[in-house]
Amino acid sequence: MSDLSFTNWFPWLPSAVDERFNNGWTFGNIYVTQANSRSPEAEREIVGRYSYGRQLGRLTDAVVALAAKAGASHDENVEPLVEMAKQINAIKETAKKRHAAELLAELKAIKRADPKAWAALLKSVGE
C-alpha cells in the first residue's frame, strides 16, 4: 500500500501545521485580540452578560443623573448626551410597543387557529 500523504507529493510542505487563524473575537465591527485586551476570554464573557450597549447605557444614565443633580444638564458638553439619552429612551419605548403589538397579534392568531392551544395557553398563565 502506497503512502498517499501530501508530503510525499509535495516534500516542501511541513508535516504538521499549527496556524491560528482567529486569535481574538469580534463584536460587530469591534475586534478584540491580544493586542487590545489583556484577556479576550474575559471580555467575551463580560460582553456576553453585559453588552457594550448596556454598559454604555448605564454610563450614560449615570452621567445624565449626575449632570441633573449638579444643574449641568444644559451645559454644552452634557446637553448632547442628555438629548441622545432621551432619543434612546424613545426608541426603546417604540420597540416595546411594537413588540407588544406583535405579541398580541400572535396570541390572536393562536386563539383563531387553535382553540385547544389557546385554552392550554390561558391555563398555563393562570387565566
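At what angle do helix H4 and helix H5 pack, and how far apart are their axes? The answer is an angle of about 125 degrees and an axis separation of 5 Å, as set out in the second legend below. The views show a predicted model, in which local features need pLDDT of at least 70 and side-chain atom pairs count only at pLDDT 80 or more, while totals for chains, interfaces and linings use all residues. Residues are numbered from 1 along each chain as its sequence is written, and side-chain values use heavy atoms, with hydrogens and water left out.

**View 1. Packing of helix H3 (residues 52-70) on helix H4 (residues 79-113).** These helices (DSSP runs of H or I with at least four residues, numbered from the N terminus) pack at about 125 degrees with their axes 10 Å apart, where axes are lines fitted to C-alpha atoms over the stretch in contact and angles run from 0 to 180 degrees between N-to-C directions. H3 and H4 are therefore oblique to each other, the class left over once angles under 35 degrees count as roughly parallel, over 145 as roughly antiparallel and 65 to 115 as roughly perpendicular. From H3, Thr60, Val63 and Val64 meet Leu81, Val82, Met84 and Ala85 of H4, contact meaning heavy atoms within 4.5 Å. By class, this contact has six nonpolar residues, one polar and no charged (Ala, Val, Leu, Ile, Met, Phe, Trp, Tyr, Cys and Pro are nonpolar, Asp, Glu, Lys and Arg charged, and the others, Gly among them, polar).

**View 2. Packing of H4 on helix H5 (residues 115-124).** The angle of about 125 degrees makes H4 oblique to H5. Leu107, Ile110, Lys111, Arg112 and Ala113 in H4 meet Pro115, Ala117, Trp118 and Leu121 in H5, a set that divides into seven nonpolar, no polar and two charged residues.

**View 3. Surroundings of threonine 60 in helix H3.** With 12% relative accessibility, threonine 60 counts as buried (under 20% relative accessible area, against over 50% for exposed and partly exposed in between, with a 1.4 Å probe and protein chains only). Apart from neighbours within four places in sequence, threonine 60 is in contact with Leu81, Met84 and Ala85.

**View 4. The salt bridge between glutamate 93 and lysine 96.** A search of the whole structure finds one salt bridge (a side-chain nitrogen of Lys or Arg within 4 Å of a carboxyl oxygen of Asp or Glu), and in the pair shown the closest N and O atoms are 3.2 Å apart. Both residues lie in helix H4, three residues apart, about one turn of the helix. Glutamate 93, at 39% relative accessibility, counts as partly exposed.

Definitions and conventions: Helix = DSSP H or I, 4+ residues; strand = E, 2+ residues; numbered from the N terminus.
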